[in-house]
Amino acid sequence: MQLTEEEWKARLNPLQYAVLRQQATETMFSGQYDKFYKKGTYYSAASLQPIFSSDTKYDSKSGWPSFWDPISDDAIRLVKDTSEGMVRWEVVDSKSGSHLGHVFEDGPAPTGLRYCLNSAALIFVPEGGTPPKFKKDNN
């Protein structure tokens, strides 16, 4: 999925753009999906592909929505991140390469992983709901 930065800016709100396209991080405990536990599927706000399920969401007490496994192995990619003087693994949407968050090795069984994501990078659809679709351009 290739869009120009102007197309991304038109498609995303300012916070989504900052997180997804500029690797920003929401302030801890500020995101709408922290301490949110309804049944359903989380989609990437960039590509609208399903990326995580409520079945693997848990309260990591980190201040960001956390999951112990993606919805499928090909929903995300991990990219080495050496910013801020440390080595971490960035979690990106596999279709658009957009930043979702980071993964850490301090999560629960069975994976031991904590996919720590930004709420702004996600769209939640309740169980049985209709997957999100991009709005058609009126131009």
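Which side chain meets R114 in a salt bridge? In this predicted model, the partner is D106.

**View 1. Salt bridge between R114 and D106.** The N to O distance between the two side chains is 2.8 Å. R114 has a relative accessible area of 12%. Buried means under 20%, so R114 counts as buried. R114 is also among the residues in contact with H102, which is the subject of the next view.

**View 2. Surroundings of H102 in strand β7.** The strand covers residues 99-104. H102 is buried, and its relative accessible area is 8%. The side chain of H102 makes a polar contact with the side chain of D81 at 2.7 Å. Leaving aside neighbours within four places in sequence, the contacts of H102 are D81, R88, W89, E90, V91, R114, Y115 and C116.

**View 3. Salt bridge between D55 and K39.** The closest N and O atoms of D55 and K39 are 3.1 Å apart. This pair links distant parts of the chain, with the two positions 16 residues apart in numbering. D55 lies in the loop between β2 (50-53) and β3 (57-58), while K39 lies in the loop between α2 (14-22) and β1 (40-44). D55 is exposed at 53% relative accessibility, whereas K39 is partly exposed at 46%.

**View 4. Network of salt bridges linking K35, D59 and K61.** Within this network, D59 forms a salt bridge with K61, and their closest N and O atoms are 3.5 Å apart. D59 is partly exposed, with a relative accessible area of 31%. K61 is exposed, with a value of 62%. The structure as a whole holds 7 salt bridges.

Notes: Residues numbered from 1 in each chain as written. Predicted model: local features only at pLDDT ≥ 70, side-chain atom pairs only at ≥ 80, totals over all residues. Heavy atoms only, no water. Helix = DSSP H or I, 4+ residues; strand = E, 2+ residues; numbered from the N terminus. Buried < 20%, exposed > 50% of the residue type's maximum accessible area, 1.4 Å probe, protein only. Polar contact = N/O pair within 3.5 Å; in protein donor to acceptor, adjacent residues only side chain to side chain. Contact = heavy atoms within 4.5 Å. Salt bridge = Lys/Arg side-chain N within 4 Å of Asp/Glu carboxyl O.
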